[in-house]
Structures are given as C-alpha cells and as structure tokens.
Amino acid sequence: MASQNRDPAAASVVAARKGAEPSGGEAPGSVGKRLQEELMTLMMSGNKGISAFPESDNLFKWIGTIHGAAGTVYEDLRDKLSLELPSCYPDNAPTDKWSALYDVRTTLLSIQSLLGEPNIDSPLNTHAAELRKNPTAFKKYLQETYSKQVSSQEP
C-alpha cells in the first residue's frame with residue numbers, strides 16, 4: 001500500500017522540486033533530481049514491506065525499513081538500515097563505471113528477497129548457514145537476537 005511509504009519529511013523534497021530554496025542538506029543538480037525522483041517513486045510504488053526516507057533534509061542520508069517477507073523466518077520482524085548514497089550516484093562516483101541498474105527501492109527489495117531466500121551453499125556467515133539448515137532452530141535464534149537488539153535500542 002503506497003500510504004506506508006508516506007513521510008512528513010518528504011514534504012521538503014516536494015517543496016524543493018517546486019522551486020523552493022534548497023536547505024543545506026539538499027543534493028545539487030542531476031543527483032538531487034534523481035534522488036527526489038527515487039523518493040517519489042518509492043512513496044508511490046506500493047511495495048509492501050519496504051520504505052525509505054531522507055534523514056532530515058539530507059538527500060544523501062536515508063533511513064530504510066525492511067519488513068520480513070511473508071512465509072519466511074523474518075515474517076514478523078522489521079529492520080532499519082542507514083543508507084549513505086553519495087558514492088552510488090554519477091555526479092559523485094569516482095569513475096564513469098556507475099550504473100543506474102539499482103535505485104533505493106530495488107536495493108531494498110533485493111535485500112528483502114535475499115533474506116527470504118539466501119544461498120546457504122555459499123555463505124559469508126557459516127554459523128548462520130548451519131543454523132539455516134534447521135528452520136526451527138534458525139527462527140528461534142533469530143527471534144532471540146532480534147529481541148535483544150530491540151530491547152537495547154529502546155530508550
């Protein structure tokens with residue numbers, strides 16, 4: 001549902017698109033335009049389980065949220081990500097080898113998909129891969145770890 005991706009912080013981006021003076025964190029030129037377009041696309045996409053918004057008025061720092069996909073061990077869990085975007089965009093890329101293949105929305109969808117269907121035959125985390133072979137044990141470990149993280153972040 002598109003409404004899950006609406007955020008009051010996006011109002012400053014919309015105002016900037018309509019010609020308002022950009023704040024100190026606004027992105028200049030074509031990069032800023034692309035990021036503004038990505039934000040609008042993400043807000044209107046209706047993709048369930050993902051959202052992302054610029055942190056304050058800074059279009060280069062976003063906070064993303066991924067909800068675990070239905071039918072996976074992550075189903076009832078949610079994770080926040082801090083996204084730093086400058087090195088991903090052409091005006092800021094160190095070389096001309098930058099590609100527009102992924103945007104913020106497709107990156108979040110890819111992470112969500114990888115969480116639901118990891119390749120445990122070629123793991124970076126061998127402990128997680130071993131646990132993953134037993135879905136019940138993995139879900140228990142995941143929920144315990146998640147609960148600890150959530151309780152440590154509460155004020």
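This is a short talk on a sheet, the helix packed on it, the largest pocket, and one proline in a loop.

Before anything else: the model I am showing is predicted.

Let me start with the sheet. Three strands make it up, in the order S1-S2-S3, and the sheet is open with antiparallel pairing. S1 covers residues 50-55 and S3 covers 78-84; these two stand at the edges with a single partner strand each, so each has one side without a neighbour in the sheet. On average, neighbouring strands are turned by 20° against each other, with direction ignored.

Now the pairings, beginning with S1 and S2. They run antiparallel and are joined by 6 bridges. Ser51 is found opposite Thr65 of S2. The two strands form a hairpin, with 2 residues between them. In that turn, Ser56 has a positive phi of about 60°.

On the other side of the sheet order, S2, residues 58-67, is joined to S3 by 7 bridges, again antiparallel. Two of the residue pairs are worth pointing at on the screen. Lys61 has Glu84 in S3 as its bridge partner, and Ile63 has Ser82 in S3.

What packs on this sheet? Helix H3, residues 104-116, does, and H3 touches S1, S2 and S3. The direction of H3 makes about 135° with that of S1.

Next, the largest pocket. Its space comes to about 880 Å³. The lining consists of 29 residues, and those nearest the pocket centre are Tyr74, Asp79, Leu115, Leu142 and Gln149. Which elements give two or more residues to that lining? They are S2, S3, H3, helix H4 at 126-132 and helix H5 at 135-153. So S2, S3 and H3 turn up twice in this talk: H3 touches both strands in packing on the sheet, and the three are on the list of elements lining the pocket. H5 gives the most to the lining, namely 8 residues.

For those thinking about chemistry, the lining residues divide into 18 nonpolar, 7 polar and 4 charged.

Last, one residue outside the helices and strands. Pro118 sits in the loop between H3 and H4. Is Pro118 buried, exposed or partly exposed? Its relative accessibility is 34%, and because buried means under 20% and exposed over 50%, Pro118 counts as partly exposed. Pro118 and Arg132 are 14 residues apart along the chain, and their C-alpha atoms are separated by 9.1 Å.

That is the tour.

Terms used. Residues numbered from 1 in each chain as written. Predicted model: local features only at pLDDT ≥ 70, side-chain atom pairs only at ≥ 80, totals over all residues. Heavy atoms only, no water. Pairing = 2+ DSSP bridges. Helix = DSSP H or I, 4+ residues; strand = E, 2+ residues; numbered from the N terminus. Axes fitted to C-alpha atoms, helices over the stretch in contact; angles between N-to-C directions. Contact = heavy atoms within 4.5 Å. 1 Å grid on protein atoms, 1.4 Å probe; cavity = no way out; pocket = protein on both sides within 12 Å on 5 of 7 lines; lining within 4 Å. Points joined across faces, edges and corners; volume = space filled by probe spheres on them. Nonpolar A, V, L, I, M, F, W, Y, C, P; charged D, E, K, R; others polar. Buried < 20%, exposed > 50% of the residue type's maximum accessible area, 1.4 Å probe, protein only.
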